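Reader: Could you walk me through this model, chain B in particular? I'd like the basics before I set anything up.

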Amino acid sequence: MKAEKRGDANGFYYDSCAENTLIDKAKKGNTSAFEELMSIHLKVIYNYINSRIAEKEDVKDILQETMLAVWKGIKSFDSNSSFKTWCFSITKRKVADYYREAYKNATIPIKEVEDFLAVEDEKDSIDTKLIIEKAIASLNQTEKDIVFFAFNAQLSYSEISEIISIPVGTIKSKMSSIKEKLKKQLANGGGL
Amino acid sequence: MTECNEISEMLVDYVNRRLQKVENIQVINHLAQCKCCRSDAAAYISLKNHALESMTSIPKDIMDSAFNKIHSQESALDSCKLAYETVKYSMLILKQTITLVRQAI
């Protein structure tokens, strides 16, 4: 049975029945079903990796590593939980492994350091879009992850909690603090 | 204020359109009369819009190679299976040959 794709522009997938069929096929070793299943989530996964890692070749490698880890682990995936959440947990772990390795070797540039948004005297800082970018750039990594998983991946608080291993209540309060920071910066025209 | 707290917890799901119809109506009705929560919702909408705008398509070379490691592993596995079958078959022939030689002796 060919799965019906009903994802939006960001690759979100709503037909859980078709998704489960693909998962079942992938569990039996069907690589085509696995690729079809992953193509639904690939864009968001790629964007998460790309937002965390600067080197294009490394992004490519981590994406391949993530796909391999999901493929290897799919047999033990418990269908009672969300497949998307499970994939993001693996992606986040792979990025963390990369940084652990990078820290050991201390040779890999970290994207946050290069982020042009950190430049304080940006000419167009009055522009709302840039204010938001600056506000996001000023967040710590956990807060950035919360924003990514909430708005890019559009996950619920409980799903985010599952991925980043922080209680739901803490996620809510962090989100509220992120919002307050953003509102403050918007009110100040981007000034911190 | 209690209602604001309750609505505040639903705002992210509201902007992501993940709420059930009843909750959605509850949020809309509250936003219509609460300037503070409207401003919170606007902040989340800005974050969501920024998030969606910042999502990039996967470059072709990365897309094309995403499953390469799986293919390599599967292909290596297939080679191992083939090698195993070949060895198994060779052993069988060897065993039969030994039997025939013993009978001849």
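What follows is a short round of questions and answers on chain B.

Author: Quick ground rules: this is a predicted model, where local features need pLDDT of at least 70, side-chain atom pairs count only at pLDDT 80 or more, and totals for chains, interfaces and linings use all residues. Residues are numbered from 1 along each chain as its sequence is written, chains are lettered from A and ligands numbered from 1 in the order written, and side-chain values use heavy atoms, leaving out hydrogens and water.

Reader: What is the mean pLDDT of chain B?

Author: pLDDT is the predictor's confidence in each residue, from 0 to 100. In chain B, 99% of residues reach 70 or more. The mean for chain B is 88.

Reader: How many helices does chain B have?

Author: Helices (H or I, at least four residues) and strands (E, at least two) are DSSP runs, numbered from the N terminus. Chain B has zero strands, and its elements run α-α-α-α-α. So the helix count of chain B is five.

Reader: What is the radius of gyration of chain B?

Author: The globule rule (2.2 Å times the number of residues to the power 0.38, with the radius taken over C-alpha atoms) gives 13 Å for 105 residues. Chain B is well over that, so it is more spread out than a compact globule. Its C-alpha trace spans about 105 × 30 × 20 Å along the principal axes. The radius of gyration of chain B is 33 Å.

Reader: And what share of its residues count as buried?

Author: Buried means under 20% relative accessible area, with exposed over 50% and partly exposed in between (1.4 Å probe, protein chains only). Of the 105 residues of chain B, the buried share is 31%.
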